[in-house]
Amino acid sequence: MIADLPDFELEAYFSRWQGSMTHSFTASEAETMTVGELLALAGEPLEALAEVDLGYRSSAGSPSLRSEIAATYGQVGAGGVLTFAGAQEGLFWTLAELLRGGGHAVVTVPNYQSMESLPLSSPAEVTGLPLWRGSGADLRWELDLDRLEDMLRPDTRVVAVNFPNNPTGYLPGEATFRTLAAMCEERGIYLVSDEVYRGVEIDPADTLPQVADLSPLGVSINVMSKSFGLPGVRVGWVASQDTALLARLEGRKHYTSICNPGPSEYLATLALRHADQIHERVRGLIASNVELAADFFAEFGDLVAFESPRGGSVSFPRYLGTDGVETFVRRSVEEAGVMMLPASVYQSRLAPTPLDRFRLGFGRVGVPAAIRALRSHLNGEDRLSA
Ligand SMILES: Cc1ncc(COP(=O)(O)O)c(C=O)c1O
């Protein structure tokens, strides 16, 4: 399966345009911290980091890190947590392991590309579950369980979802999410749930439960990258009540990262201990940037039908201009240095996705500057024409 993986469109787009970027208006990860800032937040001296050793460590993750992660779940102890190098490695081995014997998988669309490219390169058959109804101005994001039920087969092994969703910022109501977990459990289907944007919902009441708590067949994937703003520590995890599955995944991890770096485990443990403070700050940033963006796009209502995220740090609003979204996004980065992601990055092999959308990100302190630059650009005053 590894040899068959296609290019990762999002990373390829970033690589292509990074050199032109001055402002990111699309980052999915929250504002980051320096090592010193994180230590200060946790009340730890810099010397504490100097004492962390650089030897090999337990493949499953350090006991203190696994306990801190487990404390975020109700039904999972430290033994139900397996750490990985980011969410990416966790997704990689979870989907590869669950689908290596073939069968059938259902994956939500649009998606973070790993979610479909990995199943598609496995021996399984894959069906895409569109997360929307209608088109154009009438499009609404939704998780339709009747539609899912029609797709399920006796050999369905995995349903893979991601809420809060990248790129749409959509999340279903809690009752629907619980029904989804129950539907999968009744049928013996693993529910693989990418929960990396959980925890910074503008209204905390919208925060969904984690599937590892909802069902013995729930597999929760999470990471320090997004809601904590710490992608550089490269610590992610898979949590599940199914410890036999985790043991198999640990065996797979021996072929890739083997173990996490000690300094990363130490820093991730500190951040988890101060999750409330970190998430509060990120939630505030997202809320104020969303408000600013809503006001800004109201000035350009003939060009953009703005949508705010219901959860997480990104949304996928509609572009109305006659030049088309691909041109709009390309010219914004090329001429004004403002990076956004066009709909083409989220095209799926499983279902035709809306092509008039672009991804915005709200978790960074630079968003107001990005908005100022985009305003000048749209008013014809950007750096090339100045
Ligand atoms: C939905 C989703 N899952 C997983 C990942 C991968 O996370 P990481 O870079 O921390 O491995 C991303 C990163 O953008 C993502 O958006």
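This is a dialogue between a learner and a teacher about reading helices, strands and sheets in a predicted model.

Q: What should be known about the numbering and the model before reading any feature?
A: Residues are numbered from 1 along each chain as its sequence is written, and side-chain values use heavy atoms, with hydrogens and water left out. The model is predicted, so that local features need pLDDT of at least 70 and side-chain atom pairs count only at pLDDT 80 or more, while totals for chains, interfaces and linings use all residues.

Q: Which strands form the open sheet of seven strands, and in what order?
A: Strands of a sheet pair through backbone hydrogen bonds, either parallel or antiparallel. Helices (H or I, at least four residues) and strands (E, at least two) are DSSP runs, numbered from the N terminus, and two strands pair if DSSP finds at least two bridges between them. Here the order is S2-S10-S9-S8-S7-S3-S4, with mixed pairing, and the edge strands, S2 and S4 (125-130), each pair on one side only. Direction ignored, neighbouring strands of this sheet are turned by 20° against each other on average.

Q: How many bridges join S2 to S10, and how many join S9 to S10?
A: Four bridges join S2 (residues 81-84) to S10, and these two strands run antiparallel; five bridges join S9 (residues 218-223) to S10, again with an antiparallel run. Val 238 of S10 stands opposite Leu 82 and is also the bridge partner of Ile 221. By contrast, S8 and S9 run parallel and are joined by four bridges, with Val 219 in S9 as the bridge partner of Val 192.

Q: Are the residues on the two faces of S10 buried or exposed?
A: A residue is called buried under 20% relative accessible area, exposed over 50%, and partly exposed in between (1.4 Å probe, protein chains only). Five of the five residues of S10 (residues 236-240) are buried, so the strand is largely enclosed by the rest of the structure. Gly 236, Val 238 and Ser 240 lie on one side, Trp 237 and Ala 239 on the other, and all are buried.

Q: Where do the buried residues of helix H1 lie around its axis?
A: The arc is that of the directions from the helix axis to the C-beta atoms. In H1 (residues 9-17), Leu 10, Tyr 13, Phe 14 and Trp 17 are buried; they cover an arc of only 100° around the axis, which puts them on the same side of H1. Ser 15 and Arg 16, on the other side of H1, are exposed. With contact meaning heavy atoms within 4.5 Å, the buried residues of H1 pack against helix H13 (325-336) and strands S14 (338-339), S15 (341-342) and S16 (358-361).

Q: At what angle do H12 and H14 pack?
A: Axes are lines fitted to C-alpha atoms, for helices over the stretch in contact, and angles run from 0 to 180 degrees between N-to-C directions. Angles under 35 degrees count as roughly parallel, over 145 as roughly antiparallel, 65 to 115 as roughly perpendicular and the rest as oblique. H12 (residues 275-299) and H14 (residues 367-378) pack at an angle of about 5°, with their axes 10 Å apart, and are therefore roughly parallel to each other. Among the residues making the contact are Leu 292 and Phe 296 of H12 and Ile 371 and Leu 374 of H14.
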